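Visitor: I would like a close look at a single part of this model. Could you walk me through one helix pair and the space beside it?

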Amino acid sequence: MSVAVDPSGGGKTTSAKVKLAAGAVGIVFGDIGTSPIYAFRETFVGPHPLTLDTLHIMGVVSLIFWAMTIVVSLQYVAILMRADNRGQGGTLALVALISQKVGGTSRGWIAVLLAVFATALFYGDSMITPAVSVLSAVEGLTTVEEGLAPFVIPIALSLLICLFLLQKRGTAAIGKLFSPIMLVYFTTLAGLGLVQIIDNPGVLAALNPWYAVQFFMTDKLLGFLALGSVVLAVTGAEALYADMGHFGRGPLRIGWFGFVMPCLLLNYFGQAAMIMNLEAAAAAEAIKNPFFVMASESFRLPLVLLATCATFIASQAVITGAFSVTQQAVQLGFVPRLSILHTSETEHGQIYIPFVNWVLMIAVILLVLTFRNSSNLASAYGIAVTGAMFIDTCLMAVLFMAVWRWRWWMMAPVVGLFFLVDGAFFGANLSKVPDGGWFPLLVGAIGFTLLTTWARGRKLMRDRMSEVALPIAIFAKSAKNSATRVPGTAIFMASNSGGVPSALLHNIKHNKVLHERVVILTVEIADVPYVDPGRRFEIHTVGDGLYRVVLHYGFMDETDVPAALKANAECGGLFDMMHTSFFLSRQTLIASKRPGMAIWREKLFAWMLRNSATAMQFFRLPPNRVVELGSQLEI
């Protein structure tokens with residue numbers, strides 16, 4: 001399901017909101033929903049193990065409850081979901097919203113850089129999430145039969161490879177099963193936890209934050225380091241905000257507060273209750289996989305299969321999110337044009353990006369083979385998530401000041417609380433850098449370099465082209481008597497709406513002809529997710545059959561140029577694609593010592609440009625109606 005809706009869910013009946021909330025359970029909540037498989041366990045057996053006693057067990061489960069309350073419920077669900085960009089959420093949508101108010105200022109530039117780095121970290125998260133989720137679920141087989149341990153990695157790799165191979169076919173068919181499976185999964189979480197809580201109801205006292213405070217007072221350093229594993233319980237919080245455009249904040253809030261959060265908390269408290277009820281030796285064995293040990297032996301294998309399905313669905317949601325973020329980044333000019341395929345004729349958001357899919361698949365396979373188990377992968381997991389959360393807090397501060405115009409006395413305590421909590425989570429995860437935390441930081445650094453190099457290189461290239469561009473008025477006068485007019489329509493694609501594209505100049509210079517109707521067409525992407533089709537066209541008539549046209553799209557719109565042209569008849573009549581030729585300018589970049597970027601970045605940009613998808617693919621131009629004319633350009 002990927003249909004944009006009213007962000008508030010307004011205008012919908014309660015039953016409609018509940019149905020949307022049920023649909024969201026199968027798509028949005030998968031990541032955070034699979035955290036109980038490993039989050040509680042990692043606080044005790046992770047890089048900084050804790051003693052299995054009442055103080056630490058109650059302290060950890062209290063920290064999980066308050067982390068979920070402050071980070072997920074308050075920061076993301078209650079506050080950030082109000083910051084929608086015409087219904088869309090997520091870091092890029094948020095920074096686009098901020099840029100509408102402070103674009104071009106120092107605060108706007110800082111916000112853009114932060115969003116770019118958060119996007120780069122997201123790709124690291126997209127690589128780790130499928131690996132740690134599926135591997136942790138398959139490891140449950142060892143609680144059924146220890147002899148199955150050698151088969152864990154082969155089974156996990158087989159499932160993950162199937163997951164990525166499935167992407168090109170789309171998920172419309174199997175997607176209908178996601179919600180029922182996840183509803184059963186969350187209900188099972190609640191049931192398993194409730195049974196244990198009934199046996200030890202005293203564990204509910206951990207709802208009191210004093211147990212978390214007491215943990216910190218007794219073990220200051222270990223308490224701080226434990227936050228690095230506690231944060232695993234809130235991974236996926238940013239997905240609630242990013243997927244707001246698909247379901248609306250009303251249904252997501254109903255799904256979170258009315259179903260998902262209670263189920264998760266029952267399971268976490270149930271795990272704690274079970275460990276506290278066991279003898280020391282049995283508890284030490286059970287904490288290696290408490291999620292599966294909660295189930296009776298006869299139910300354990302079905303639970304492994306159910307958890308594996310849930311992690312498969314959660315991984316699917318993360319991969320789909322990577323496709324969506326990449327599409328936004330391409331439209332906003334941070335990523336080169338990529339081949340984007342639509343896997344459904346009816347669902348607008350069902351897309352497949354082959355390059356992203358294969359990069360993620362290779363990275364996931366290497367992660368599983370390198371780290372070998374979910375505990376090792378969990379060490380690498382937290383950095384990307386907490387880094388993105390901390391950046392969201394920084395952007396939230398700019399949002400409060402620049403967009404919502406909050407007074408400082410209102411803003412300071414709210415921002416201060418989130419900076420304290422998210423900063424502590426991020427700081428605790430920095431201790432994991434030697435144990436695997438280096439991986440998302442490396443991916444983030446590489447991604448940030450690529451994204452900023454592309455954005456800067458595009459600006460330099462456009463500036464250089466503008467320097468030598470011929471004003472259209474001068475061109476119209478000089479071309480009027482110097483070229484033979486031929487039948488048909490010629491559309492010359494231009495990267496900016498000022499000046500004459502080089503393809504048109506080369507066509508006049510070498511072919512000495514001009515079509516009866518000449519359209520200089522520019523596609524501009526706005527800082528909003530969607531543009532009203534009625535405002536798509538901006539047409540300027542130059543004269544003598546020459547038109548300047550600007551097509552406006554949002555960063556979530558599909559840039560199908562032929563479809564847009566067929567719907568317009570204001571440029572001298574309707575467009576017949578069989579009698580229309582598209583002329584594209586293709587620049588070959590030459591790195592130079594002119595000020596702008598370092599030579600190595602100029603060469604990197606030139607390489608990215610050579611390997612990007614052509615305008616023909618990106619704008620869906622008919623291949624047999626496209627002519628490319630090349631030129632060289634120094635940057």
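Guide: Happy to; here is a tour of one helix pair, then a cavity, then the whole chain.

This is a predicted model, in which local features need pLDDT of at least 70 and side-chain atom pairs count only at pLDDT 80 or more, while totals for chains, interfaces and linings use all residues. Residues are numbered from 1 along each chain as its sequence is written, and side-chain values use heavy atoms, with hydrogens and water left out.

Let us start with helix H10 (residues 210–218) and helix H11 (residues 220–230), whose axes lie 5 Å apart at an angle of about 125°. Helices here are DSSP runs of H or I with at least four residues, strands are E runs of at least two, and both are numbered from the N terminus. Axes are lines fitted to C-alpha atoms over the stretch in contact, with angles from 0 to 180 degrees between N-to-C directions. H10 is therefore oblique to H11, since angles under 35 degrees count as roughly parallel, over 145 as roughly antiparallel, 65 to 115 as roughly perpendicular and the rest as oblique. On the H10 side, Phe215, Phe216, Met217 and Thr218 meet H11 residues including Leu222, Phe224 and Leu227; contact means heavy atoms within 4.5 Å.

H11 also supplies three residues to the lining of the largest cavity, the largest share. A cavity is a set of points on a 1 Å grid over the protein atoms alone where a 1.4 Å probe fits but cannot get out, and lining residues have an atom within 4 Å of a point. Glu42, Thr43, Gly46, Pro47, His48, Leu225, Ala226 and Ser229 form that lining, and helix H3 (39–45), like H11, gives at least two of its residues.

Stepping back, the chain has 26 helices and eight strands, and its C-alpha trace spans about 95 × 50 × 50 Å along its principal axes.

Terms used
1 Å grid on protein atoms, 1.4 Å probe; cavity = no way out; pocket = protein on both sides within 12 Å on 5 of 7 lines; lining within 4 Å.
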